Amino acid sequence: MAPKKTESRESGMTYREAGVDIDAGAALVEAIAPLAARTARPGVMGRLGGFGGLFDVEATGFRDPILVAATDGVGTKLKIAIETGGHDAIGIDLVAMCVNDLVVQGAEPLFFLDYFASSTLEPEHAERIIAGVAKGCELAGAALIGGETAEMPGLYREGDYDLAGFAVGAAERDKLLPRDDLAPGDTLIAIASSGAHANGFSLIRKIASESGLGWEDPAPFDKNLTLGEALLTPTRIYVKPLLDAIRRTGAIKALAHITGGGLTDNLPRVFPDHLGASIDLASLAVPPVFHWIAEAGNVEASELLRTFNMGAGMVAVTDADNVEAVCALLESGGEQTSVIGVLEPRSDGAPVRYDGALGLGR
């Protein structure tokens, strides 16, 4: 069958008719330029809107720098932002997921780039999202030096969007983490999370749906917020307090960012095979959101520990003599800390051993 002919038209087709508005993209770059300017730091070169972002590592003052790179997204937490219109903090999550992965290697974040893709660019929403990215960069001390905004009608549904981020940091060659002097008896310090951060949201969304809860309903674990507002609490950015503690004490031997996989899968990434972690579950300060997840979803403790951070967004490892000093510095930087376990010799079995029970109030 021959293809159906289109009716003749007086003027040619345009990109805008196909769903892509170049002028809107240019206007967005102009609108976010002041936001990016607020993130400027030593090393930034050029201006936003070029073909590539420029950065002078020598200007940062590092003596023998090793570059460290990380890329990430925010998973299906985006669906809650899209469905509620809560776009303001999701960019903070994006930055956090990347820069927290840099600092665990002892690296200071230098610069950040974002990728924002949607069906049709809605400048107001996009500006709010990128404003969150800029805020996250300010919290991390990283410069927002560029990014990409893509309109892809036909690939994304109307109203949907996606986010990805890319961060580069630097550490002195002889200060990289984890150190090679990790030993039995070293102490594990949990640094409190702000909730679920940006992991496990496919399970969270399923629990909310099967519980008959909408995002505008009161959060079962926080009556002052709607469920959507509570779940969109942004991921904590631990960079500045951790860098301060690393540099001033010289006592942090390793750090683990507790993301998807929880304590179970993330802790073993930072210590050698001959060591294991012994965790006292009763020492974890479990945020109320996880009480709700456990009860409403009837989720077993082992599944919780392998899916969520359970209140420990970051774990620092130090020798027993320096625990007090490290905790004091982190707390002076606004963090909450608790000792949750120790490293021990590992002959066989799982690399993370749990004792006691989670305090889930059920």
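Me: Which residue offers the backbone oxygen that the side chain of Thr226 reaches?

Reply: This is a predicted model, by the way. Thr226 sits in strand S9, residues 222-226, and touches Trp215, Glu216, Asp217, Pro218 and Ala219 once neighbours within four places in sequence are left aside. From that group, the backbone oxygen reached by the Thr226 side chain, at 3.4 Å, belongs to Trp215.

Me: Is Thr226 buried or exposed?

Reply: The relative accessible area of Thr226 is 16%. A residue has to be under 20% to count as buried. With its 16%, Thr226 is therefore buried.

Me: What is the distance from Glu172 to Arg63, the nearest side chain of opposite charge?

Reply: Glu172 belongs to strand S6, residues 161-172. Being buried, it might make you look for a partner, yet Glu172 has no salt bridge. The cut-off for a salt bridge is 4 Å. Arg63 is the nearest side chain of opposite charge to Glu172, and the distance is 4.1 Å.

Me: Then which residue, along with Arg63, has a backbone nitrogen reached by the side chain of Glu172?

Reply: Past its neighbours within four places in sequence, Glu172 is in contact with Phe62, Arg63, Asp64 and Pro65. Its side chain reaches the backbone nitrogen of Arg63 at 2.7 Å. At 2.7 Å there's also the backbone nitrogen of Asp64.

Me: How many residues of strand S4 are buried?

Reply: Strand S4 covers residues 108-118, which makes 11 residues. The strand is largely enclosed by the rest of the structure, because the number of buried residues is 9.

Me: How many bridges join S4 to S6?

Reply: These two strands run antiparallel. For one pairing you can look up, Tyr115 has Ala164 in S6 as its bridge partner. The number of bridges joining S4 to S6 is 10.

Me: Which residue in S5 stands opposite Phe116?

Reply: S4 also pairs with strand S5, residues 143-151, this time in the parallel sense and over 8 bridges. Helix H4, residues 123-140, joins S4 and S5 in a right-handed β-α-β unit. The S5 residue opposite Phe116 is Thr149.

Me: With which side chain does the side chain of Arg247 make a polar contact?

Reply: Arg247 has its place in helix H7, residues 239-249, and counts as exposed because its relative accessibility is 53%. Arg41, Glu108 and Arg247 are linked in a network of salt bridges. The polar contact of the Arg247 side chain, at 2.9 Å, is with the side chain of Glu108.

Me: How far apart in sequence are the salt bridge partners Arg38 and Glu138?

Reply: The structure holds 17 salt bridges. In one of them, Arg38 and Glu138 bring their closest N and O atoms to 3.8 Å. The pair links distant parts of the chain: Arg38 is in the loop between helix H1 (22-37) and strand S1 (44-45), Glu138 is in helix H4, and the separation in sequence is 100 residues.

Me: Which residue forms a salt bridge with Glu335?

Reply: Glu335 counts as buried because its relative accessibility is 5%. Its partner, by contrast, is partly exposed at 29% relative accessibility. The closest N and O atoms of the two are 3.0 Å apart, and the partner of Glu335 is Arg236.

Me: What is the N to O distance where the side chains of Glu344 and Arg353 meet?

Reply: Glu344 is partly exposed, with a relative accessible area of 23%. Arg353 is partly exposed too, at 37% relative accessibility. Their side chains meet in a salt bridge, and the N to O distance is 3.0 Å.

Me: Which residue follows Leu177 across a cis peptide bond?

Reply: Look in the loop between S6 and S7. There, a peptide bond with omega near 0 degrees leads from Leu177 to Pro178.

Me: What is the phi of His197, which is not a glycine?

Reply: His197 is found in the loop between S7 and helix H5 (201-210). At 3% relative accessibility, His197 is buried. Although His197 is not a glycine, its phi is positive, at about 55 degrees.

Note on methods
Residues numbered from 1 in each chain as written. Predicted model: local features only at pLDDT ≥ 70, side-chain atom pairs only at ≥ 80, totals over all residues. Heavy atoms only, no water. Helix = DSSP H or I, 4+ residues; strand = E, 2+ residues; numbered from the N terminus. Buried < 20%, exposed > 50% of the residue type's maximum accessible area, 1.4 Å probe, protein only. Lys, Arg positive; Asp, Glu negative; His and termini not counted. Polar contact = N/O pair within 3.5 Å; in protein donor to acceptor, adjacent residues only side chain to side chain. Contact = heavy atoms within 4.5 Å. Pairing = 2+ DSSP bridges. Right-handed = clockwise from strand over helix to strand, strands pointing away.
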